[in-house]
Amino acid sequence: MEIRGPMLLPARREDISLETIDGLTLVGELAEPEHREPVATLVTLHPLPTAGGFMDSHILRKAAGRLPALADLAVLRFNTRGTTSPRGTSEGAFDGGRAEAFDLAAAMDFVRERSLPRPWLVGWSFGTEVALKYGRDHDVEGVILLSPPLHRATDEEVAAWAGDGRRMVVVVPEFDDYLQPDAAAARFASVPHAVLVPVEGGKHLWVGENQTRRVLTEIVAAVNPDALPLPTEWEGAVVDG
């Protein structure tokens with residue numbers, strides 16, 4: 001059976017709640033390999049909630065649906081403050097990337113409490129801003145930035161990563177609405193160790209199975225390259241997501 005769309009491969013899936021330092025409860029989900037311990041953890045940060053972004057934004061949902069089975073990764077997704085999805089609504093109100101610092105901190109507290117291994121931040125669009133602004137404050141192996149718009153993260157906040165030994169992978173679609181590869185190369189030039197991955201034909205929302213597979217491949221290439229190439233076929237039980 002071809003792996004595509006919202007297909008859910010086998011995993012241990014758990015609805016979770018995160019508690020922020022300013023007293024809010026955020027809703028989320030943890031997906032882990034069904035019969036093994038994860039080799040690494042993806043802490044995902046979703047696109048802009050005021051433009052429809054949430055923990056179920058399709059790349060993040062498909063990462064949680066596929067990568068525990070295909071790449072032995074744990075995937076943590078959650079709604080930032082004031083964001084609603086079928087899982088529920090996180091308390092609070094959208095704060096434009098300011099108080100969302102507390103939301104990321106709550107997720108990282110959860111990672112520590114559960115002893116989840118080798119955490120990486122995976123931000124998409126608005127989520128990349130949160131990762132860039134606050135990711136250096138946390139014990140992560142690296143950051144993966146999908147379609148970074150660089151609207152809220154300042155040049156100084158980007159450049160601050162230059163002195164940080166942790167890895168940065170920047171995945172930029174050729175036809176991005178906000179920051180295309182040449183402009184991204186200039187904006188991230190202050191971080192010499194940043195790896196820029198231009199994606200030919202890609203667009204900001206990564207619509208279509210080919211783009212989904214490319215993004216998931218780049219994530220796994222950074223975090224667990226031994227799992228590549230990702231299978232495109234699956235034998236066994238699945239669930240339509």
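These exercises, each with a worked solution, walk through a predicted model.

**Exercise 1. The sheet**

Task: Work out the strand order of the open sheet, then find which strands form its edges.

Solution:
- Start with the order. The eight strands run S2-S3-S5-S4-S8-S9-S10-S11.
- Check the pairing. It is mixed. In general, strands of a sheet pair through backbone hydrogen bonds, either parallel or antiparallel.
- Look for strands that pair on one side only. These are S2 (12-19) and S11 (195-199), the edge strands.
- Add the twist. From one strand to the next, it averages 20°.

**Exercise 2. The neighbours of S10**

Task: Describe how strand S10 pairs with S11 and with S9, and decide whether S10 is enclosed or open.

Solution:
- Take the S11 side. S10 (residues 167-173) pairs with S11 in the parallel sense, over five bridges. Valine 170 faces leucine 196 of S11 here.
- Take the S9 side. S9 and S10 also pair in the parallel sense, over five bridges. Arginine 167 of S10 stands opposite glycine 142.
- Count the buried residues. Six of the seven residues of S10 are buried, so the strand is largely enclosed by the rest of the structure.

**Exercise 3. Helix H3 against the sheet**

Task: Find which strands helix H3 lies across, and state how many of its residues are buried.

Solution:
- Place the helix. H3 covers residues 126-134.
- List the strands beneath it. H3 lies across S4 (40-45), S8 (119-124), S9 (142-146) and S10.
- Read the angle. H3 runs at about 135° to S8.
- Count the burial. Eight of the nine residues of H3 are buried, and the helix is mostly covered.
- Name some of them. The buried set includes Phe126, Glu129, Leu132 and Tyr134.
- Find their packing partners. The buried residues of H3 pack against S4, H2, S8, S9, helix H4 (155-159) and S10.

**Exercise 4. Valine 111**

Task: Locate valine 111, classify it as buried or exposed, and list its contacts beyond four places in sequence.

Solution:
- Locate it. Valine 111 sits in helix H2 (residues 100-113).
- Classify it. The cut-off for buried is under 20% relative accessible area. Valine 111 has 3%, so it is buried.
- List the contacts. Valine 111 touches Val43, Leu76, Leu116 and Pro119, leaving out residues up to four places away in sequence.
- Compare sequence with space for one partner. Valine 111 and leucine 76 are 35 residues apart in sequence, with their C-alpha atoms 8.7 Å apart.

**Exercise 5. Unusual backbone geometry**

Task: Identify where arginine 118, serine 147 and proline 229 lie, and say what is notable about the backbone at each.

Solution:
- Set the expectation. Most residues other than glycine have a negative phi, and most peptide bonds are trans.
- Take arginine 118. Its phi is positive, about 45°, although it is not a glycine. Arginine 118 lies in the loop between H2 and S8. At 30% relative accessibility, arginine 118 is partly exposed.
- Take serine 147. Its phi is also positive, near 55°. Serine 147 lies in the loop between S9 and H4. Its relative accessibility is 0%, so serine 147 counts as buried.
- Take proline 229. A cis peptide bond joins leucine 228 to proline 229, with omega about -5°. Proline 229 is in the loop between helix H6 (209-223) and strand S12 (239-240).

**Exercise 6. Two pockets**

Task: Describe the largest pocket and the second largest pocket by volume and by lining class.

Solution:
- Begin with the largest pocket. Its space is about 300 Å³. Of its 18 lining residues, Pro47, Leu48, Ala51, Ser125 and His204 are closest to the centre.
- Sort that lining. It has eight nonpolar, seven polar and three charged residues.
- Move to the second largest pocket. Its space is about 150 Å³. The lining has 12 residues, and Leu8, Glu29, Asp56, Arg61 and Arg77 lie nearest its centre.
- Find the contributing elements. S2 and helix H1 (58-71) each give two or more residues to this lining.
- Sort this lining too. The second largest pocket is lined by four nonpolar, one polar and seven charged residues.

Note on methods. Residues numbered from 1 in each chain as written. Predicted model: local features only at pLDDT ≥ 70, side-chain atom pairs only at ≥ 80, totals over all residues. Heavy atoms only, no water. Helix = DSSP H or I, 4+ residues; strand = E, 2+ residues; numbered from the N terminus. Buried < 20%, exposed > 50% of the residue type's maximum accessible area, 1.4 Å probe, protein only. Contact = heavy atoms within 4.5 Å. Pairing = 2+ DSSP bridges. Axes fitted to C-alpha atoms, helices over the stretch in contact; angles between N-to-C directions. 1 Å grid on protein atoms, 1.4 Å probe; cavity = no way out; pocket = protein on both sides within 12 Å on 5 of 7 lines; lining within 4 Å. Points joined across faces, edges and corners; volume = space filled by probe spheres on them. Nonpolar A, V, L, I, M, F, W, Y, C, P; charged D, E, K, R; others polar.
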